[in-house]
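Q: Could you take one part of this chain and look at it closely, then work outwards from there to the contacts and surface features elsewhere? Please spell out the cut-offs behind each term as you go.

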Amino acid sequence: MSNRSQASTFIKKAVQNGIGRHVCQLQRLTLKFCKSSGTSRYLREFMEKHLIDFAKENPGVVIYLKPRRHRKPVIEAQYLNGYTQSIYCDHISENDMLAYVNYMRTRSGSQISRLRKLNHTETPSIQGPWTPFTNKATLINIATFPNEELSKYTPMYISATEKLRNLTLNLSEADKEETDKNEEEKKTN
């Protein structure tokens, strides 16, 4: 299957989801099964063992049980954006079924599609994308490399050692000035 046959889109998310609190996008889970058919056996076991715990852990998800005669078992998920996903689970074990239900619970509800770009914004910058040279001096443009002055490491902040070194130099200079003043006063007196 080529990439052209699959719909392409930009990265999307549920609007404002997770800023205040996370809202589960799964709205409704419908379990369709047959009460007597052997193909619905694993779904019935899943309902007996795991469904009550799942419902207690996820009170925001509405769960419907829909018995149907002589049909394949289906798990149908409906999301807040209106998207519906169905999984036929006639030969799926109950543990795999629990994994599928958790997968449906954590999905965003948007269709799986090919991404055009890994990053996208609705308000692009007028200045263009940021590069390491965005706020550098234009002297770099005409410099010839390797350049000793531009190759030196320039730290963003002064280290604690440099602060102490500058402090001692300032104190020693202040002490020298003080002693010079005292000597001049003694000479004048």
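A: H70 lies in the loop between strand 3 (62-67) and strand 4 (74-79), where helices (H or I, at least four residues) and strands (E, at least two) are DSSP runs numbered from the N terminus. This is a predicted model, in which local features need pLDDT of at least 70 and side-chain atom pairs count only at pLDDT 80 or more, while totals for chains, interfaces and linings use all residues. Residues are numbered from 1 along each chain as its sequence is written, and side-chain values use heavy atoms, with hydrogens and water left out.

The backbone at H70 has a phi near 55 degrees, a positive value in a residue other than glycine. Most residues other than glycine have a negative phi, and most peptide bonds are trans. H70 counts as exposed because its relative accessibility is 68%; buried means under 20% relative accessible area, exposed means over 50%, and partly exposed is in between, with a 1.4 Å probe and protein chains only. Between the C-alpha atoms of H70 and R44 there are 14 Å in space, with their positions 26 residues apart in sequence.

The loop that holds H70 also takes part in a charged contact, since side chains of opposite charge can pair when their charged atoms come close. K72 and D90 meet through their side chains in a salt bridge at 4.0 Å, N to O, a salt bridge being a side-chain nitrogen of Lys or Arg within 4 Å of a carboxyl oxygen of Asp or Glu. This pair links distant parts of the chain, 18 residues apart, with K72 in the loop between strand 3 and strand 4 and D90 in the loop between strand 5 (84-88) and helix 3 (94-106). The two partners can be placed by their accessibility: D90 counts as buried at 16%, whereas K72 counts as partly exposed at 48%.

Strand 4, which follows this loop, supplies a partner to another such contact. E76 forms a salt bridge with K32, and their closest N and O atoms are 3.4 Å apart. E76 lies in strand 4 and K32 in strand 2 (residues 26-33), so the pair ties together parts that are 44 residues apart in sequence. Here E76 is buried, with 16% relative accessibility, and K32 is buried as well, with a relative accessible area of 14%.

A search of the whole structure finds 5 salt bridges, and one of them joins the side chains of E162 and R165 at 2.9 Å, N to O. E162 and R165 both lie in helix 6 (residues 160-188), 3 residues apart, which is about one turn of the helix. Each is partly exposed, E162 with a relative accessible area of 31% and R165 with 46%.

Beyond strand 2, C34 is found in the loop between that strand and helix 1 (41-49), and C34 counts as buried because its relative accessibility is 2%. The C-alpha atoms of C34 and R44, 10 residues apart along the chain, are separated by 8.7 Å. K49, also placed in helix 1, counts as exposed at 51% relative accessibility.

Further along the chain, the peptide bond from F145 to P146 is cis, with omega near 5 degrees, and P146 sits in the loop between helix 4 and helix 5 (148-151). F145 also belongs to a nonpolar patch on the surface that it forms with L139, I142 and L150, with about 430 Å² of accessible area together. Patches are made of residues with over 30% relative accessible area and no salt bridge, with like charges joined within 9 Å and nonpolar side chains (Val, Leu, Ile, Met, Phe, Trp, Tyr) within 5 Å, and accessible areas come from the Shrake-Rupley method with a 1.4 Å probe, only the protein chains shown counting as cover for residues. Within this patch, L139 lies in helix 4 (residues 139-142) and counts as partly exposed at 47% relative accessibility.
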